Structure formats: C-alpha cells, structure tokens
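Trainee: Could you take me through one part of this model slowly, and then show me how the side chains around the rest of the chain pair up? I would like one connected account that I can follow with the structure open.

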Amino acid sequence: FELKYLKVQHLFSPMNIGPIFLKLFNIKFTLALHSNLPWIYFSKMPGNYLKNLLTKLLMEISVRICDRLIVNSEFAKNEIVKLLNIDEKKVFTIYLGIDQKFLDEKENELYLKNFEYKDYVISVLSCVRYHNIINLLKGFKLLQNENRVDLKFIFVLQILDKKYFDEINKFINKNFQKNEIIFLHNLDNSFLVNLYKNAKFYIFSSYCEVFGLTSLEAMSQGCPVIISNKSALTEINSDAVEYFDPDNENEIKNSMYKVLFDVNYRNKIIEKSQDHYKKFSWKKTVFETLRVLDY
C-alpha cells in the first residue's frame with residue numbers, strides 16, 4: 001500500500017525476497033537472487049527448520065512473480081530455470097564485483113595484534129555444513145602427516161550453525177595440536193587484505209555457490225587459490241586456480257601439496273589470477289543492473 005501511495009512503478013529488491021502482492025497493484029518487480037541453496041541443500045541450511053521453510057516459500061514466490069530476475073552466474077541461471085521451471089528470458093546474469101579496499105594501490109596498514117603473518121593458510125567462510133569444513137581439515141591433517149609441514153590454518157569464520165561448529169571443534173581437539181587451527185570471528189574485512197597477502201594459499205571447499213567473492217579477493221592480493229570444483233565456482237574462477245573434489249580428502253591434500261611445493265605451477269596460477277580478478281568490478285555490476293532495470 002505504501003508503494004502504491006508513493007506512486008512507485010517499479011521495485012528493485014536486491015536480496016532474494018520481495019513483496020508478494022505487487023501484481024495486484026500493477027507494480028513492476030525486479031528481484032536479485034543470491035542463493036539457490038533452499039532448492040539444492042535445504043537440509044544443510046543453518047537455523048530453524050520452520051524459518052527455513054518459510055524463507056524458501058517466500059523466495060520461490062518472489063522468483064515466480066518477479067518480472068525480471070537477476071542472478072550472479074550462468075550456472076545459477078541454468079540451475080534456477082531448471083529447478084523452478086521458469087522462463088529463462090526473464091533471467092539475467094550479472095557478476096558481482098570486488099570491493100575497492102582490495103584494489104587500492106595504497107599500502108594497507110591494518111594488521112592484527114599478536115598475530116605473526118607467516119607460515120599459515122587461510123579460508124574465509126561461514127560455518128555452515130555445505131561449506132564442508134571438516135573435509136577441509138581432514139585434507140590438511142593428511143598434508144601434515146605425509147609431508148611434515150609446519151603451517152597454521154586460519155579460518156575467518158562467521159558462525160551460522162552452532163551445532164556444526166561444535167562438531168568442528170570436537171574434530172580439531174581430537175586431531176590437532178593447540179594453535180594449529182585458529183578461528184577469527186567477527187573480523188572487520190579490512191583486515192583481510194594483509195591476511196590474504198601473506199598467506200601461503202587461500203582455500204574454499206563449498207558445495208553450493210552461485211558466485212563466491214572471497215577467492216577473487218585473495219587473487220587481488222597475489223594469494224594462490226585452491227577451490228572446490230562444484231557449482232558456479234569453476235565459472236567464476238576459470239583457469240586461475242587449483243580445483244579439487246570437496247568429497248575427496250586425498251584430492252584436497254594433493255591440491256594443497258601442489259600449490260605449496262610446485263613453484264612453477266604456483267607462479268603460473270598467480271600470474272593468471274592477476275588478469276582474471278580485474279574482470280569483476282562493482283562499476284560494471286551497477287551499469288549492467290541499471291540496464292536491466294530500465295525497461
């Protein structure tokens with residue numbers, strides 16, 4: 001009613017859900033969808049079952065009633081068109097962009113206190129089951145056992161699934177020494193610049209992504225990237241990274257070993273990544289979004 005009172009003719013909703021009665025008021029509706037998770041891995045969604053069910057329902061109604069749908073990758077487009085049997089002509093792919101803080105040439109002076117910026121690997125992710133953290137730790141343990149590497153594993157982590165986090169901690173307590181695995185919570189992402197820059201590699205093990213920004217952020221700081229070969233991650237990262245099967249802990253271990261010890265290969269993917277990440281900018285995202293909205 002407020003939209004009608006304000007004489008709004010076209011609503012853009014940027015985060016998965018929009019008002020579901022817009023058709024009754026003859027208001028055009030463009031929706032940006034940033035996750036296909038509810039239709040792919042509903043059981044792995046964090047939080048309350050009923051809340052997740054309601055979220056899925058509202059997302060699906062929003063997708064079906066919108067006039068135009070913006071998604072973050074061709075993979076996401078093909079997946080949602082097939083899953084919900086919607087008209088692909090109303091779906092538009094627009095890539096996301098890298099934040100300016102990762103692109104500034106000016107030296108970033110934000111360093112964590114009491115943290116030594118050497119001999120570590122890093123992953124930046126949410127604590128959710130579809131991010132496959134325990135398998136990642138299993139691969140890292142194999143690397144330690146077989147190659148006697150002396151590295152810390154840093155997780156910059158947002159805890160969305162407390163039960164899964166407890167399972168992760170039990171696994172760590174059973175398999176690792178104190179301070180081999182370090183969790184950094186609620187970290188201002190400005191600190192990520194130097195964490196990426198000084199890491200041996202960045203690794204991400206998700207099953208279900210429609211884009212995935214953190215790998216591009218790591219590339220921008222010259223950090224080699226190792227990443228899951230699932231969902232949209234191969235489309236977004238192209239040939240500028242090392243891929244692995246997230247279900248195969250030996251493959252995770254082998255990818256880590258390759259990037260750590262094959263210097264020529266490591267330099268090769270770093271060199272490719274320096275051209276690749278520059279393809280993604282918020283300026284381009286905004287321009288393409290405005291073009292979709294102006295119809």
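Mentor: Happy to. Let's begin with strand 2, which pairs with strand 3 (residues 68-71) in the parallel sense, over three bridges. Keep in mind throughout that this is a predicted model. To find the contact between these two strands, look for Thr30: its bridge partner in strand 3 is Arg68.

Strand 2 has another partner as well. Strand 1 (residues 10-13) runs parallel to strand 2, and four bridges join them. Here the residue to pick out is Leu11, which stands opposite Phe29 in strand 2. How enclosed is strand 2 by the rest of the structure? Strand 2 covers residues 28-32, and four of its five residues are buried, so the rest of the structure largely encloses it. As you click along, remember that side chains in a regular strand alternate between the two faces of the sheet.

Now for the charged side chains. Side chains of opposite charge can pair when their charged atoms come close. Across the model, the count comes to ten salt bridges. One of them is local: Arg64 and Glu60 form a salt bridge whose closest N and O atoms are 3.3 Å apart. Both residues belong to helix 3 (residues 49-65), and they sit four residues apart, about one turn of the helix. Arg64 has 41% relative accessibility and counts as partly exposed; Glu60, at 23%, is also partly exposed.

Another bridge reaches further along the chain. Asp161 forms a salt bridge with Arg129, with 3.8 Å between the closest N and O atoms. This pair links distant parts of the chain, 32 residues apart: Asp161 is in the loop between strand 6 (152-159) and helix 6 (162-175), while Arg129 is in the loop between strand 5 (120-127) and helix 5 (133-147). Asp161 counts as buried because its relative accessibility is 11%, under the 20% cut-off. Arg129, at 24%, is partly exposed. There is a third member here too, as Arg129, Asp161 and Glu167 are linked in a network of salt bridges.

A further bridge joins Lys258 and Glu242, whose closest N and O atoms are 3.9 Å apart. Lys258 is in helix 10 (residues 249-261) and Glu242 is in strand 10 (residues 242-244), so this pair ties together parts that are 16 residues apart in sequence. Lys258 is partly exposed at 33% relative accessibility, whereas Glu242 is buried at 10%.

Last come the rings. A search of the whole structure finds 19 aromatic pairs. For one of them, Tyr117 and Tyr120, the ring centres are 6.5 Å apart and the planes meet at 80 degrees, so the pair is edge-to-face. Tyr117 and Tyr120 are both buried. Elsewhere, ring pairs join Phe140, Phe153, Phe155, Phe165, Phe171, Phe176 and Phe183 into a cluster. Phe176 also has a charged neighbour, since Lys141 lies over its face at 5.2 Å from the ring centre. A similar arrangement can be found at Phe42, where the charged end of Lys56 sits over the ring, 5.5 Å from its centre.

Technical notes: Residues numbered from 1 in each chain as written. Predicted model: local features only at pLDDT ≥ 70, side-chain atom pairs only at ≥ 80, totals over all residues. Heavy atoms only, no water. Phe/Tyr/Trp six-rings, centres within 6.5 Å; stacked < 30°, edge-to-face > 60°. Buried < 20%, exposed > 50% of the residue type's maximum accessible area, 1.4 Å probe, protein only. Lys NZ or Arg CZ within 6 Å of the ring centre and 35° of its normal. Salt bridge = Lys/Arg side-chain N within 4 Å of Asp/Glu carboxyl O. Pairing = 2+ DSSP bridges.
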